[in-house]
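Okay, thanks for coming, everyone. I'll walk you through one structure today, so have a look at it on the screen first.

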Amino acid sequence: LVSLQWTSIPESQVGMAAEMALIVLKFSSCCLPTRCSGSAAKSLLFRFLPFLRWLPRYPIKDWLLGDIVSGFSVGIMHLPQGLAYALLAGLPPVTGLYSSFYPVFLYFFFGTSRHNSVGPFAVISVMIGSLTESLMPSEDFMISVNGSNTTIDEERRDAARVELVAAITVLTGIFQVALGLLQFGFVVTYLSDPLVRGYTTAASVHVLVSQLKNVFGISQGEASGPLSLFVTIIDLCKKLPGTNVGTLVTAIIAIVVILIVKELNHKFAAKLPMPIPIELITIIVSTGISYGVNLKEKFGISVVGNIPSGLKPPVVPNMSYFGQVAGNAFAIAVVGYAICISLGKIFALKHGYKVDSNQWGLTPCLLLSFCTGSWCHCIPGHPGDHSEDWRALQGPTQGTSSPTAPVSHPSPVPVPWHGDMVGEQERDLPSAILAAIIIANLKGMFKQFKDLCTLWKSNKVDLLVWIVTFIATLLLNLDIGLAASVAFGLLTVIFRTQLPHYSILGRISDTDVYRDVVEYEMAQEVPGVKIFRSSSTIYFANVELYAEALKKKSGIDVDRLIEKKKKALKKLKKQQKKLEKEKAKRKKGAADTGSPSLPQHAEDGPGVSVIELRSEESGAPSEPTLQSLGLPKPNFHAVILDFSPINFVDTVAIKILKNIFRDFHEIEVDVFIASCSVSVLAQLERGNFFSSAITKASFFPSVHDAVEHISRERHQASVSTQPCCPSMAMERAATSTPPSLPPQVDHSTRM
């Protein structure tokens with residue numbers, strides 16, 4: 001290629017290539033370690049060029065034949081799809097042929113997925129098509145013929161659009177390398193399978209609508225931006241009276257034939273050595289009929305036109321377009337990156353191997369690959385609906401999965417298809433045939449509507465993600481729709497953490513296992529102990545719900561009991577102040593009259609009971625108990641918070657946890673925390689959680705340890721309150737004065 005095709009590169013373009021190579025070296029320097037050892041250099045080289053790892057270990061006898069068959073099947077499939085997707089992007093068909101060769105060849109060296117076959121992708125082609133139509137509409141290339149009639153200068157229009165797409169391609173490569181260097185692969189974590197399937201289904205609707213003009217033989221421009229899909233449909237409906245019947249019949253026949261043969265390929269996959277290349281056969285037959293019958297002249301059926309043979313010399317992109325297309329190129333880079341990795345992971349999960357989420361954009365060589373593609377008139381190459389092709393139907397012999405493969409190898413062996421195979425022979429190919437090929441290949445995508453029934457039965461939240469993604473992509477277009485879908489997917493995660501499952505745990509007898517008492521009949525609550533567990537971590541969005549659920553699960557109205565206690569204490573203090581005033585008044589009256597003061601009980605008279613705030617030996621006043629205040633006491637004395645699901649806490653969560661300790665202490669219930677991880681404990685320390693009232697003595701490595709500790713403490717407390725011998729008990733009973741009884745309270749109702 002270098003000796004025959006690329007010898008005519010101008011000196012200015014060679015300088016541009018040198019600048020690009022310098023950028024590649026700068027990107028590489030960002031990834032190199034400070035001190036490079038031999039093993040580190042080898043690992044870095046294998047990461048940038050994965051084929052160096054798998055190629056020496058490639059099992060030729062087991063996989064070569066299958067990969068060759070797969071390569072030819074994909075090559076045969078890429079030829080018509082390349083032509084069709086170039087039409088979808090608003091470019092000359094030969095651009096699709098170039099895009100079917102260079103990306104596949106380069107991904108052979110840089111890719112890590114066995115099933116991602118890189119090439120023109122319908123979704124990316126639609127995005128590029130809307131951009132080329134908006135920036136370079138056909139109306140800008142009108143020329144007059146015979147002084148009165150006007151026509152489109154297609155050659156000049158196509159050349160300008162190819163130049164524009166070259167700028168988009170190189171910018172897409174730069175952005176994807178940057179995304180790889182920034183480890184953007186983590187975003188794939190948020191692209192769930194329902195989201196990807198809903199998005200690709202909506203993208204298929206966009207592709208279908210974009211091809212209806214070629215099916216009906218109608219001239220129609222491309223709309224862009226939000227609601228552009230519906231604008232296109234409305235405009236199409238207005239122009240339906242001008243339908244070309246010949247074009248419509250041609251497209252319908254081609255779609256039916258392709259779908260029937262594809263179904264036969266799928267049904268007899270095990271018996272066929274390779275699939276019937278129906279797209280290629282359709283192109284050849286339709287081109288022959290169009291040439292023999294002269295469909296263009298007799299029926300006005302639009303044809304593809306001349307396709308130049310050979311490979312064009314590379315051209316450096318026009319940088320003056322960079323400012324116009326930078327935003328669109330970034331959107332294409334993100335959409336292509338996300339779909340590539342998500343599809344690769346779906347195939348890897350299905351066939352049992354691993355795909356590097358950052359490999360698609362990580363290697364700086366990819367920048368050179370996209371630059372090469374832009375110089376060679378290519379559309380940005382990504383995996384699409386052609387990714388998992390005939391190889392997936394043939395099984396391990398085609399290299400889809402094998403126990404002898406220690407690492408993944410990208411397959412198939414690339415097969416170059418270019419203009420020499422079609423050349424001028426395809427100039428009479430009807431454009432409706434290419435539209436039929438595109439529409440027929442959307443069948444697999446439209447089958448994803450079956451997900452609605454499956455998700456309805458299995459998971460309503462995933463169903464909602466699928467539907468919202470589908471609708472958002474239809475309404476907001478492909479780029480904004482993907483961003484909105486990811487945002488909604490993240491919101492569902494937040495909502496799920498806000499509505500976790502709260503449970504009270506009980507002990508399974510004769511074990512140290514604790515389970516939800518509602519779900520496990522054998523689990524019995526520990527007497528006097530409430531063990532509370534949440535299925536989610538706690539943070540600012542759900543910690544208040546956590547506290548409310550704990551109080552509700554405890555079986556008492558904690559806040560109301562605390563409020564009653566405060567009212568009782570307030571009333572008690574008023575009574576105490578009143579008694580102190582009366583006592584002082586009596587003392588003063590006794591001093592004036594000179595008579596001795598009577599004891600307190602005699603002055604109060606019979607039947608009057610007063611609760612006094614006595615002082616301990618240390619001099620600190622003791623807090624009145626719930627019982628002494630005439631309030632009901634909870635039927636449990638300890639709460640254990642199971643922190644095993646908690647993986648982080650924030651400042652709001654720490655504040656609410658402090659309130660939980662305080663509130664339960666007010667109602668004479670101790671709070672303990674079990675199974676708290678070291679990282680969460682460190683976060684609690686940094687958040688000033690611990691104090692004189694809350695110490696690390698309240699933390700235990702497991703729920704069972706906390707239960708055992710509580711049992712020991714209760715046992716020791718009960719032993720210490722028992723009298724040493726019967727005589728001592730009788731002596732205490734004889735010498736002690738009967739305590740005043742608290743006011744009678746009805747304990748039959750639970751607070």
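**A walk through the model**

Let's start with one residue: Thr282 sits in helix α11, which runs over residues 278–293. Before I go on, keep in mind that this is a predicted model.

So, is Thr282 buried or exposed? Thr282 has a relative accessible area of 12%, and the cut-off for buried is under 20%, so Thr282 counts as buried. And what does Thr282 touch, if we leave out residues up to four places away in sequence? The answer is Ala254, Ile258 and Ile433.

Okay, zooming out. The protein has 751 residues, and buried ones make up 48% of them. In secondary structure, we have 27 helices and 11 strands. If you take the contacts with a separation of 6 or more, 80% of them are between residues 24 or more positions apart. The accessible surface comes to about 38,500 Å², with 61% of that belonging to carbon and sulfur atoms.

Now a covered helix. Have a look at α6, residues 122–135. From first C-alpha to last, α6 reaches 20 Å over 14 residues, close to the 20 Å expected at 1.5 Å a residue. How many of the residues in α6 are buried? It's 12 of 14, so this helix is mostly covered. Among the buried ones are Val123, Ile124, Met127 and Leu131, and also Ser125, Ser130, Thr132 and Glu133.

From there, let's go to the surface. Leu227, Phe230, Val231, Ile233, Ile467, Ile471 and Leu475 make a nonpolar surface patch of about 540 Å². Which helices each supply at least two residues of this patch? They are α9, at 228–239, and α20, at 460–498. Val231 is a patch member found in α9, and its relative accessibility of 47% makes Val231 partly exposed.

Staying on α9, there's a salt bridge there too. Asp235 pairs with Lys239, with the closest N and O atoms 3.6 Å apart. Both lie in α9, 4 residues apart, or about one turn of the helix. Remember that an α-helix has 3.6 residues a turn, so residues three or four places apart point the same way. Asp235 is partly exposed at 26% relative accessibility, and Lys239 is partly exposed at 32%.

While we're on charges: the structure holds 17 salt bridges. One is between Lys530 and Glu525, at 3.1 Å from N to O. Which of these two counts as buried and which as partly exposed? Lys530 is buried at 14% relative accessibility, whereas Glu525 is partly exposed at 36%.

Another salt bridge joins Glu685 and Lys696, and here the closest N and O atoms are 2.2 Å apart. That pair links distant parts of the chain: Glu685 is in helix α25, residues 678–686, and Lys696 is in the loop between α25 and β11, 11 residues apart. Glu685 is partly exposed at 37%, and Lys696 is partly exposed with a relative accessible area of 44%. And there's a network as well, where salt bridges link Lys551, Asp559, Arg662 and Asp663.

Last topic: aromatics. A search of the whole structure turns up 15 aromatic pairs. Take Phe449 and Phe470: their ring centres are 5.5 Å apart and their planes are at 75 degrees, so we call the pair edge-to-face. Where do these two lie? Phe449 is in the loop between α18 and α19, and Phe470 is in helix α20, so the pair ties together parts that are 21 residues apart in sequence. Phe470 is buried at 14% relative accessibility, while Phe449 is partly exposed at 32%.

A second edge-to-face pair is Tyr502 and Tyr546, at 6.3 Å centre to centre with 65 degrees between the planes. This one also links distant parts of the chain, with Tyr502 in strand β5 and Tyr546 in helix α21, 44 residues apart. Tyr502 is buried at 14%, and Tyr546 is buried at 1%.

Back to Phe449 and Phe470 for a second: ring pairs link both of them with Phe446 and Trp466 into a cluster. That's my tour, and I'm happy to go back to any part of it.

Note on methods:
Residues are numbered from 1 along each chain as its sequence is written. This is a predicted model: local features need pLDDT of at least 70, side-chain atom pairs count only at pLDDT 80 or more; totals for chains, interfaces and linings use all residues. Side-chain values use heavy atoms; hydrogens and water are left out. Buried means under 20% relative accessible area, exposed over 50%, partly exposed in between (1.4 Å probe, protein chains only). Contact means heavy atoms within 4.5 Å. The expected span of a helix is 1.5 Å times one less than its number of residues. Patches are made of residues with over 30% relative accessible area and no salt bridge: like charges are joined within 9 Å, nonpolar side chains (Val, Leu, Ile, Met, Phe, Trp, Tyr) within 5 Å. Accessible areas come from the Shrake-Rupley method with a 1.4 Å probe; for residues, only the protein chains shown count as cover. A salt bridge is a side-chain nitrogen of Lys or Arg within 4 Å of a carboxyl oxygen of Asp or Glu. Rings of Phe, Tyr and Trp (its six-membered ring) pair if their centres lie within 6.5 Å; planes under 30 degrees apart count as stacked, over 60 as edge-to-face and the rest as tilted.
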